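Reader: Hi! Could you walk me through this one? I'd like to start with a single residue and work outwards.

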Amino acid sequence: MTILFISDLHLSPLRPDITDCFIDFMQNEAIHAEKLYVLGDLFEFWIGDDDNSPFNVSIKNEFKALTEKGVECYFIQGNRDFLLNKRFCKETGVELLDDHTVIELDGEKVLIMHGDTLCIDDIKYQEFRAKVHKPWLQWVFNRIPLFIRQRIVKNVQDKIKEKKQTKTLCIMDVTQSEVERVMQEEGVQRLIHGHTHRPDTHTFMSNNKEMTRIVLGDWYSQGSILEYSDKIYSLHKKEFK
Ligand code: LP5
Ligand code: MN
């Protein structure tokens with residue numbers, strides 16, 4: 001049994017190297033897996049399920065091909081594709097999961113999430129997140145013509161870019177007390193997430209229990225995949241061709 005986890009690919013037509021690596025991964029690695037979990041930020045930005053650009057259609061086709069071959073695919077929204085929703089899933093056979101989802105692997109409960117909600121010291125981001133997750137705002141946004149949505153996103157992105165550059169790396173990492181709180185609340189000793197782009201495996205003690213937090217890597221300069229096979233987790237890179 002092989003289960004794969006990926007996140008933070010930030011796919012866009014501007015980065016054909018990432019896209020090629022992703023397609024190679026889907027067609028030659030994921031196809032042999034039992035399940036594929038995408039833990040958010042698959043896309044650089046997802047503007048809405050009605051954006052059927054040739055690029056988006058080509059990515060959807062990769063998922064469709066996989067699910068039709070019997071590979072179960074699951075998706076958790078990231079901070080860049082929080083507008084990816086039911087229609088994408090219907091078109092591809094992918095199942096949308098809640099941001100905090102507990103799965104069971106060989107009898108062990110494992111919490112999976114994107115990871116942005118763990119960065120609670122990044123107060124400005126958390127305020128921004130709360131705003132863009134308001135269902136009424138998303139409802140309104142989804143009904144604005146596509147080309148206007150694209151302009152809005154571009155404007156907000158430009159505004160945010162300046163603000164992000166003033167933040168410290170520490171503020172943009174997870175807050176350890178929040179990690180422990182969430183893991184205790186969900187009753188798990190293993191957590192897998194992305195978002196921070198700092199691939200690693202952290203082990204620590206909390207309430208006299210050994211906890212493990214596995215962080216997935218981004219795909220900016222190579223692919224990054226977590227594989228669970230024969231009860232072993234391994235984080236590996238996939239070179240761009
Ligand atoms: O992904 P990464 O690592 O680059 O940065 C994230 C945080 N940034 C984001 C922003 C998104 O990438 C881009 C979003 C464009 C949104 C368009 C919105 C359209 C409206 C939709 C309505 C339903 O997620 C970054 C974190 C970093 O992770 C690490 O955790 O720090 O957060 C920021 O930089 C955000 C700023 O701190 C807050 C800026 C507030 C700007 C307010 C603009 C007005 C928004 C109005 C929304 C309606
Ligand atoms: Mn993210």
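Author: Happy to. Bear in mind that this is a predicted model. Let's begin with Ser 7, which is buried, its relative accessible area being 0%.

Reader: Where does Ser 7 sit in the chain?

Author: Ser 7 is in the loop between strand 1 (2-6) and helix 1 (16-28).

Reader: And what does the side chain of Ser 7 make a polar contact with?

Author: With the side chain of Asp 8, at 2.5 Å. Leaving aside neighbours within four places in sequence, Ser 7 is in contact with several residues, including Asp 41, His 195 and Trp 219.

Reader: Cool, on to the metal. Which residues coordinate the manganese ion (ligand 2)?

Author: The donors are Asp 41 (OD), Asn 79 (OD1), His 114 (NE2) and His 195 (ND1), at 2.0 to 2.2 Å. Their spacing in sequence is D-x37-N-x34-H-x80-H. Asp 41 and Asn 79 link distant parts of the chain, 38 residues apart: Asp 41 is in the loop between strand 2 (35-38) and helix 2 (54-68), and Asn 79 in the loop between strand 3 (72-75) and helix 3 (86-92).

Reader: Are Asp 41 and Asn 79 buried or exposed?

Author: Asp 41 has 2% relative accessibility, so Asp 41 counts as buried. Asn 79 counts as buried too, at 17%, because the cut-off for buried is under 20%.

Reader: Changing topic: how many salt bridges does the structure hold?

Author: There are 15. One of them joins the side chains of Lys 238 and Glu 29, at 3.1 Å from N to O. Lys 238 lies in strand 11 (residues 232-238) and Glu 29 in the loop between helix 1 and strand 2, so this pair ties together parts 209 residues apart in sequence.

Reader: Which residues are linked with Lys 238 and Glu 29 in a network?

Author: Asp 24 and Lys 241; the four are linked by salt bridges.

Reader: Got another salt bridge, maybe one within a helix?

Author: Sure, Glu 178 and Arg 181, with their closest N and O atoms 2.9 Å apart. Both residues lie in helix 7 (residues 176-186), three residues apart, or about one turn of the helix. Glu 178 is buried at 11%, whereas Arg 181 is partly exposed at 39%.

Reader: Last one, the surface. Which residues make the nonpolar patch?

Author: Phe 147, Ile 148, Ile 152, Val 156 and Ile 160 make a nonpolar surface patch of about 360 Å². Ile 152 belongs to helix 6 (residues 146-165) and is partly exposed, with a relative accessible area of 33%.

Terms used
Residues numbered from 1 in each chain as written. Chains lettered and ligands numbered in written order. Predicted model: local features only at pLDDT ≥ 70, side-chain atom pairs only at ≥ 80, totals over all residues. Heavy atoms only, no water. Donors = N, O, S within 2.8 Å, 3.2 Å for Na, K, Ca; no water. Helix = DSSP H or I, 4+ residues; strand = E, 2+ residues; numbered from the N terminus. Buried < 20%, exposed > 50% of the residue type's maximum accessible area, 1.4 Å probe, protein only. Polar contact = N/O pair within 3.5 Å; in protein donor to acceptor, adjacent residues only side chain to side chain. Contact = heavy atoms within 4.5 Å. Patch = residues over 30% accessible without salt bridge, like charges linked within 9 Å, V, L, I, M, F, W, Y side chains within 5 Å. Areas by Shrake-Rupley, 256 points an atom, 1.4 Å probe, with all protein chains shown as cover.
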